[in-house]
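Open the model in your viewer and keep the sequence panel visible. The stops below say what to select next and what is there.

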Amino acid sequence: MSSSGSTYGDIHRYEPARESTAAAIAIVLLTFVQIIFVSLFVYGLSANWAIAGLDAGVGNTFLGFLLSAIFLNLGFILLLYRKEFLPDVMIVKKRRRKWEDLYVRESDVEGQTLTDDTGAWDTIKRAIYPYYKR
């Protein structure tokens, strides 16, 4: 579904989410795996695996592996959720020019000379700090 409106804030394209059952089941299973990883990591921290646990360095490596598995699993959960359950919406936005991003007036894009009517000190302040006035 798309609209022909070109004013700021109009919805240009809207595609509803698929909301598949397989993705919902996968998210639930990945959530259970996430709970297992987090509980193992918390138990490893409370049991001091990194300091006095297993052999030298093995406990710290295992906790690092668990932490990376936690974030990778969370990334897959968020990827599935975004892909399957969020609609694809494109909104018309206002196009900005380069000088509008810096809050500089269009007449000041090429810069200013030091011999303006405003005085040398104000010109230096504007050159150093371009957000001087809108």
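With which side chain does the side chain of serine 20 make a polar contact? The partner is the side chain of glutamate 84, at 3.2 Å. A polar contact here is a pair of N or O atoms within 3.5 Å; within protein, one must be able to donate a hydrogen and the other to accept it, and residues adjacent in sequence count only if both atoms are side-chain atoms.

**Before going further**

This is a predicted model, in which local features need pLDDT of at least 70 and side-chain atom pairs count only at pLDDT 80 or more, while totals for chains, interfaces and linings use all residues. Residues are numbered from 1 along each chain as its sequence is written, and side-chain values use heavy atoms, with hydrogens and water left out.

Colour by pLDDT, the predictor's confidence in each residue, from 0 to 100. The protein has a mean of 76, and 57% of its residues reach 70 or more. Confidence is highest in helix α1 (residues 21-46), at a mean of 95, and lowest in helix α4 (residues 98-101), at 54. Where pLDDT is low, the predicted coordinates should not be read in detail.

Now switch to a cartoon view. The protein has 5 helices and 2 strands, in the order β-α-α-α-β-α-α from the N terminus. Helices (H or I, at least four residues) and strands (E, at least two) are DSSP runs, numbered from the N terminus.

**Stop 1: serine 20 and glutamate 19**

Select serine 20, in the loop between β1 and α1. Serine 20 is partly exposed, with a relative accessible area of 27%; buried means under 20%, exposed over 50%, and partly exposed in between (1.4 Å probe, protein chains only). At the start of α1, a side-chain oxygen of serine 20 comes within 3.3 Å of the backbone nitrogen of alanine 23.

Add glutamate 19, which is in the loop between β1 (11-15) and α1. Glutamate 19 is exposed, at 54% relative accessible area, and its phi is positive, about 55°, although it is not a glycine.

**Stop 2: glutamate 84**

Select glutamate 84, in helix α3 (residues 58-85). Serine 20 and glutamate 84 are 64 residues apart in sequence, yet their C-alpha atoms are 6.7 Å apart. Glutamate 84 has a relative accessible area of 10% and therefore counts as buried. Leaving aside neighbours within four places in sequence, glutamate 84 is in contact (heavy atoms within 4.5 Å) with Ala17, Arg18, Glu19, Ser20 and Ala23. With the same exclusion, serine 20 is in contact with Glu84 and Phe85.

**Stop 3: along α1 to glutamine 34**

Select α1 as a whole. Its 26 residues should span 38 Å at 1.5 Å a residue, and the end C-alpha atoms are 38 Å apart, which agrees; the expected span is 1.5 Å times one less than the number of residues. Buried in α1 are Ala23, Ile27, Gln34, Phe41 and Gly44.

Narrow the selection to glutamine 34, which is buried at a relative accessible area of 13%. The side chain of glutamine 34 reaches the backbone oxygen of isoleucine 70 at 3.3 Å, and a polar contact of 3.2 Å joins it to the side chain of asparagine 73. Not counting residues up to four places away in sequence, glutamine 34 touches Ile70, Asn73, Leu74 and Ile77.

Past the end of α1, look at asparagine 48, whose phi is positive, near 55°.

**Stop 4: α3 and the nonpolar core**

Select α3. This helix has 28 residues and reaches 40 Å from its first C-alpha to its last, close to the 40 Å expected. Its buried residues include Gly59, Ala69, Asn73 and Ile77.

Which residues make up the largest nonpolar core? Select Phe41, Trp49, Leu63, Leu66 and Ile70. Of these, α3 gives the most, with 3 residues. A nonpolar core is a set of buried Ala, Val, Leu, Ile, Met, Phe, Trp, Tyr and Cys residues joined through side-chain atoms within 4.5 Å. Leaving aside neighbours within four places in sequence, leucine 66 is in contact with Phe37, Leu40 and Phe41.

Finish with phenylalanine 62, also in helix α3. Phenylalanine 62 is partly exposed, with a relative accessible area of 32%. Its C-alpha is 8.5 Å from that of tryptophan 49, and the two are 13 residues apart in sequence.
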